[in-house]
Amino acid sequence: MSSIHEKYGLTEVINASGRMTALGVSTPNEDVVNAVKEGLRQYFDMKDLVIKTGEYIANLLNVDAAVVVSCASAGIAQSVAAVIVRDSQYRLENLHSHSHDVPSEIVLPKGHNVNFGAPVGTMVTLGGGTIKEAGYANECSAEQLEAAITKNTAAILYIKSHHCVQKSILNVEQAATVAQKHGLPLIVDAAAEEDLKSYFAMGADLVIYSGAKAIEGPTSGLVVGKTQYVDWVRKQSQGIGRAMKVGKEGILGLTHAITDYLTVEKESGQEMVAKMEKFIADMNTIHGVTSRVVWDSAGRDIARAEIAFDHETLGTTTNNIVKQLNNGNPAIYCRGYKANEGIIEIDVRSVNTTQLNTIFEKINALF
């Protein structure tokens, strides 16, 4: 029997980039896979399933309410729509067709207006809102965030991500203080974050997670928060949420994955360091290459191997190296965000020691 790769003529992939949507995000464990299978084989009253699994998840996470959505991006769009539409049936059914005499601006730090694979602004627009940036690309204080608020502000949006500018940016608690002072909801996009409880505890009204990244569930998303706001997000299933609905298998798979996530011990950063110790030593034997351990820029307990290439010594650019690795067989995908600086990173969460050795051999063979 042929493999999936053979059947469809697909290139095998070594994912040294992390939990990336472009690579299929993660590989759920067998228990989660079985929960997906069980969901696929049965019928449910879907409204009942959405509500009851939401209550179950909310109890697990000590939050007021929760709802499973199709992905984190859908969570942003539906959360924005929720704070604009609220409980208005007319606005729900005519979100983009007519102008509404209600606030629709979504204020966020300028350094958070990023492209995470798609622009944050596109998700806000899809939800019926418009972006208003606060502060500057390299700074946003609580005072600068507050200065951007007007009578047309519907919510504050905070993106907790390595994609964002990290220096001189206010934290979630400070954003929550500003939001509460002005009676506005705070939406936190924490798609890849590992802590499923703290942002709500800090004062966020809606918090959005990817179900397939840190949680390692099927393709899905999770929105947790205050009951009224989550109810309005759930109401979007009759509006824009209809175009991004999540199936029964995704709901049950994610619910089980969250249960596992909270109980199964996760690989620590120090364990990641130990896993890549030999790999880093091997990389440092290549003339013109320097490797070391670096830690996640967004503060998560994730250690990675940084590899710096001396372009003059090697006679090539890091962008060319990345391209050659991507086009190899197996295709090797690393974190190339700093390729213009001559640096790549290897994320070891989804690779084993054999694959790390393959990465070393492929890079060594280039020179």
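**Reasoning about a predicted chain**

Student: How far apart are the mean positions of the positive and negative charges of the chain?
Tutor: They are 5 Å apart, taken over 33 positive and 41 negative charges. Keep in mind that this is a predicted model.

Student: How many helices and strands does the chain have?
Tutor: There are 16 helices and twelve strands.

Student: Why is the chain called as compact as a globular protein of that length?
Tutor: Set two values side by side. The radius of gyration is 22 Å, and the globule rule gives 21 Å for 367 residues. The two are close, so the chain counts as compact as a globular protein of that length. Its C-alpha atoms fill a box of roughly 65 × 50 × 35 Å along the principal axes.

Student: What share of the 367 residues is buried?
Tutor: Buried residues make up 49% of them. As for the accessible surface, it comes to about 17400 Å², with 48% belonging to carbon and sulfur atoms.

Student: What share of the contacts between residues at least 6 apart in sequence joins residues at least 24 apart?
Tutor: The share is 70%.

Student: What makes I149 count as buried?
Tutor: The cut-off is under 20% relative accessible area. I149 has 16%, so I149 counts as buried. Its place is the loop between helix 7 (142–147) and strand 5 (153–159).

Student: Which residues does I149 touch, not counting those up to four places away in sequence?
Tutor: I149 touches I156, V178, H182 and L184. As for K132, it is 17 residues from I149 along the chain, and their C-alpha atoms are separated by 8.7 Å.

Student: Why is V67 called buried?
Tutor: Use the cut-off again: under 20%. The relative accessible area of V67 is 3%, so V67 is buried. V67 lies in strand 2.

Student: Which residues is V67 in contact with, leaving aside neighbours within four places in sequence?
Tutor: Its contacts are V50, G221, L222, V223, V230, V233 and R234. Now take Q89, which is 22 residues from V67 in sequence: the C-alpha atoms are 20 Å apart.

Student: Which residues of helix 10 are buried?
Tutor: In helix 10 (residues 227–235) they are Y229, V230, W232 and V233.

Student: How do you know that they are on the same side of helix 10?
Tutor: Look at the arc around the axis. They cover only 155°, which puts them on the same side. These buried residues pack against strand 2 (65–69), helix 4 (72–85), strand 7 (206–210) and strand 8 (221–225).

Student: What makes the phi of V25 worth a remark?
Tutor: Start with the usual case. Most residues other than glycine have a negative phi. V25 is not a glycine, yet its phi is positive, about 65°. V25 is found in the loop between strand 1 (13–16) and helix 2 (30–40). Its relative accessible area is 10%, so V25 is buried.

Student: Why is R86 called partly exposed?
Tutor: Partly exposed lies between the 20% and 50% cut-offs. R86 has 31%, so partly exposed is the right term. R86 also has a positive phi, about 55°, although it is not a glycine. Its place is in the loop between helix 4 and helix 5 (89–93).

Student: What is the omega of the peptide bond from N329 to P330?
Tutor: Omega is near 5°, and the bond is cis. Most peptide bonds are trans. P330 is found in the loop between helix 15 (318–326) and strand 11 (331–334).

Note on methods:
Residues are numbered from 1 along each chain as its sequence is written. This is a predicted model: local features need pLDDT of at least 70, side-chain atom pairs count only at pLDDT 80 or more; totals for chains, interfaces and linings use all residues. Side-chain values use heavy atoms; hydrogens and water are left out. Helices (H or I, at least four residues) and strands (E, at least two) are DSSP runs, numbered from the N terminus. The radius of gyration is taken over C-alpha atoms; the globule rule is 2.2 Å times the number of residues to the power 0.38. Buried means under 20% relative accessible area, exposed over 50%, partly exposed in between (1.4 Å probe, protein chains only). Contact means heavy atoms within 4.5 Å. Accessible areas come from the Shrake-Rupley method with a 1.4 Å probe; for residues, only the protein chains shown count as cover. Lys and Arg count as positive and Asp and Glu as negative; His and the chain ends are not counted. The place of a charge is taken as NZ of Lys, CZ of Arg, CG of Asp or CD of Glu. The arc is that of the directions from the helix axis to the C-beta atoms.
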